[in-house]
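Visitor: I would like to learn how to read the folded chain in front of me, feature by feature. Could you take me through it with the general idea ahead of each case?

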Amino acid sequence: MKIIKAKDYQEMSRKAAQILAAQVIMKPDSVLGLATGSTPLGTYDCLAEWCGKGDLDFSRVSTVNLDEYRGLDHANDQSYYYFMNKNLFSRINIDPAHTHVPDGMEPDPEKESKRYEELISSLGGIDIQLLGLGHDGHIGFNEPNSFFDKNTHCVDLTEMTIEANKRFFASADEVPRQAYTMGIGTIMRARKLLMIVSGKDKAEIAAEAFLGEVRPEVPASIIQFHPDVTIIGDAEALSKIN
């Protein structure tokens, strides 16, 4: 595990983007695992800027996203498909057919979970998976549990996650209660992991996840067992880690 302490959010975002850019340059047909939320926005801005300047070419890249709310279609401005298209895909030269997000409108959880796992496998697996860190230690929508979920599945969101996400909706009542998410096993099968974490409100859980006991009650702690993981955090988020 490599932990890189950046001075602020901007430096964290730039360093993360450099790692993703290097992956694309070294392997133009890379499969990138991507994440949503506020933390990756700066990273996506950097990638879009470099692509616009002609320094990065995404024309052969494929992407798979960690998760999607169940019950939201692509046109919903709170869906993760919409988020990715707005903040990254529409700003780079990627083939839209090569961008993949779980289908939130599929009513059959088993069918959608199986489809997404088969899709990732058909692409040859994920070369590098970008991750954020939830306040309760979740990655993707893998919430604290008594066991690690292996594969893509439908999950009931915790009240903490609903509370954290309600700022994006008109009210907490509008936040979906379920989501499709890659499982811990799916994430851990990625060849490389890149986790970004920002803000003093993440300091406690970052220390617990990266230095504490590996346990399913803190899902992100599992990345300690991955053979190739880089963590980039700003000074506030890593303030409890020497």
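Visitor: In what order do the 7 strands of the open sheet stand, and is their pairing parallel or antiparallel?

Guide: A sheet is read across its strands, from one neighbour to the next. In this predicted model, the 7 strands run in the order E1-E10-E9-E6-E2-E3-E5, and their pairing is parallel. The edges of this open sheet are strand E1, residues 2-6, and strand E5, residues 99-100, each of which pairs on one side only.

Visitor: Over how many bridges do E3 and E5 pair?

Guide: Strand E3, residues 62-65, pairs with E5 in the parallel sense over 2 bridges, and within this part of the sheet Val64 stands opposite His100 in E5.

Visitor: Which strands form the open sheet with antiparallel pairing?

Guide: That sheet has 3 strands, in the order E4-E8-E7, with antiparallel pairing. Strand E4 (67-69) and strand E7 (153-156) each have a single partner strand, so one side of each is left without a neighbour in the sheet. From one strand to the next, the twist averages 25 degrees. E7 pairs with strand E8, residues 178-181, in the antiparallel sense over 4 bridges, and His153 stands opposite Thr181 in E8.

Visitor: Which residues of helix H7 are buried, and what do they pack against?

Guide: To read a helix beside a sheet, one asks which residues are covered and then what they touch. In helix H7, residues 203-211, the buried residues are Ala203, Ile205, Ala206, Ala207, Ala209 and Phe210. These buried residues of H7 pack against strand E9 (192-197) and strand E10 (229-234), and both of those strands belong to the sheet with parallel pairing.

Visitor: Why does the radius of gyration of the protein chain agree with that of a compact globule?

Guide: The comparison rests on chain length, because a compact globule of 242 residues would have a radius of gyration near 18 Å, and the protein chain, with 17 Å, agrees with that value. Along the principal axes, its C-alpha atoms fill a box of roughly 45 × 45 × 35 Å.

Visitor: What share of the residues is buried, and how much area does the protein chain expose?

Guide: Buried residues account for 53% of the 242 residues, while the protein chain exposes about 10,900 Å², of which carbon and sulfur atoms supply 50%. For contacts between residues at least 6 apart in sequence, 80% join residues at least 24 apart. The secondary structure of the chain comes to 7 helices and 10 strands.

How values were computed
Residues numbered from 1 in each chain as written. Predicted model: local features only at pLDDT ≥ 70, side-chain atom pairs only at ≥ 80, totals over all residues. Heavy atoms only, no water. Pairing = 2+ DSSP bridges. Axes fitted to C-alpha atoms, helices over the stretch in contact; angles between N-to-C directions. Buried < 20%, exposed > 50% of the residue type's maximum accessible area, 1.4 Å probe, protein only. Contact = heavy atoms within 4.5 Å. Rg over C-alpha atoms; globule rule 2.2 N^0.38 Å. Areas by Shrake-Rupley, 256 points an atom, 1.4 Å probe, with all protein chains shown as cover.
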